[in-house]
Amino acid sequence: MKFVLKCKECKHEIPNFQKWFEVKQACPKCGSHQADVVYLDEMKGVKKLVDNKTVKPDSVWYYFDYLPLNNQKNIVSVGDEGVVPIEKWDFFEKFAKEKYGLNIKVYAHRNDRHIATGTFKDLAGTVVASVLKETGVKNYVAASTGNIGVAYSHYLAKARISLSVFIPNTSLKSQEAEIGSFGQSVFRVDGDYAAAKKMAKDFAAKHNVILTGGNFDPMRIEAKKTMVYEWLRVMPYFPTVFMQAISGGSGPLGIAKATEELAPLNLCKMPRFILPQPHRCAPMAEAWKTAKAENFPENWEAKYPVYENPETTIETLSTGNPTAYPALAKVVKKSAGEIISCQEENAIDVTRLIAYEKNVRIGPAAAITVVGFFQSLRDGLIVDGDVVMLNIGEGVSRSHKYVEKLKYSSQFVSKLDDAKLMDRNSYREKLWQAVEAI
Ligand SMILES: Cc1ncc(COP(=O)(O)O)c(C=O)c1O
Ligand SMILES: [Zn+2]
């Protein structure tokens, strides 16, 4: 035994995941759904793992000692999860210097490079499938806007575990098809993400099968936490700012857990969380703005709006009822960070620019992160000396409609003379102008 689960509220200990599932993923003493995985060696081995600069890990399972699995034979992996490139994006650094006079460093965590889904949800996929396999689970139920559904579908199929996924009415057909393609059931619910979550919950109760733990799921938090280990292992500097578009908010919760857990070892400090939401589905940003304007009165974190059927164009980020807000907002405040609302229309502009400058095509949710970066520069949220980590959480592989919107250089021609030979440099200025206007 190398870990236990510990209730975040009353500190009651639950010995393992079998027990955690038996008690329906809620503390038997106080009912809280939030529990931390606590490692019995107090994280003492992390330093050795991250200090080894010569090792080439196969996957996140390089950090096996700090993942909630007891036996390596239960690992379900297709390789490379969690060990994707972290690149310095100096064209953004140059922009910050030229336009705002800021000396900053900008890094991109290339989670679009994950093999199974092209998103950072591969991390949760491999960890959740492995833990479920170890605990002998045969059936699992999830609600998803798409990405997590595809990741679970893929990895659980590999572990021979059956999955039922409830998706909202607005989810992309391509996401639905991908989930189903691995032989897992998909239910398109007549309603929004909140309705899909509710039906998934009732379905799990009706059939007495295990439901995903949502944004507080300790398996998911443990998976995302490893991004911090990778920063420590491969980067010359630790980020002072972490940016990721949020829907439910489990990404930053994982990063926060990792940095708090490593604080006693003096390995790193919690970065400021600057978390963008698409403006048509930004309940957390709205709540944050109000709380900030009122100078964070008592119990401020309990107040947030709920949007029914949010009509965002960024379907993966359509959590209208952000139940994790009270916990997440407190973490953001502690980190001296911000939750911001970003113009969805600018997503295409930043995606085109990055494809042009870096040959990298980021997906819509990742584009919201980058729009947030430009807004943060404009609004003074990023300051001189910052080391900014952008979570490039997804590529474009599943968003065909989005790819169609990226085209800007084609013309219809009917005769040869209409087609002119072009220098690709001629596109640069327009592409930069579009993002400079953000
Ligand atoms: C690429 C991408 N970015 C961000 C998010 C939001 O994740 P979180 O659960 O951390 O809010 C998702 C998933 O919903 C995603 O797929
Ligand atoms: Zn408790």
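I will talk about the surroundings of ligand 1, then the nonpolar core, and finally two residues with an unusual backbone angle. This is a predicted model, in which local features need pLDDT of at least 70 and side-chain atom pairs count only at pLDDT 80 or more, while totals for chains, interfaces and linings use all residues. Residues are numbered from 1 along each chain as its sequence is written, and chains are lettered from A and ligands numbered from 1 in the order in which they are written.

Let me start with the ligand. Ligand 1 is surrounded by 18 residues (C-beta atom, placed from the backbone, within 6 Å), and the closest are Asn147, Gly251, Ala365, Gly393 and Glu394. Helix H9 (250–262) and helix H13 (364–378) are the elements that each give two or more residues to this shell. Because domain 2 (42–79 + 119–216) and domain 3 (86–114 + 219–404) both contribute residues to the shell, ligand 1 lies between them; the domain bounds come from an automatic or database assignment.

Turning to the interior, the largest nonpolar core (buried Ala, Val, Leu, Ile, Met, Phe, Trp, Tyr and Cys residues joined through C-beta atoms within 7 Å) has 126 residues, of which Val370, Val388 and Leu390 touch the most other members. Buried here means 20 or more other C-beta atoms within 10 Å. H13 gives the most to this core, with nine residues.

Lastly, the backbone. Most residues other than glycine have a negative phi. Lysine 11, however, has a positive phi near 70° and sits in the loop between strand E1 (3–7) and strand E2 (13–14). Glutamate 42, also not a glycine, has a positive phi of about 55°, and its place is the loop between strand E3 (35–39) and helix H2 (46–51).

Conventions. Helices (H or I, at least four residues) and strands (E, at least two) are DSSP runs, numbered from the N terminus. A residue is buried if 20 or more other C-beta atoms lie within 10 Å of its own, exposed if 12 or fewer, and partly exposed in between; C-beta atoms are placed from the backbone.
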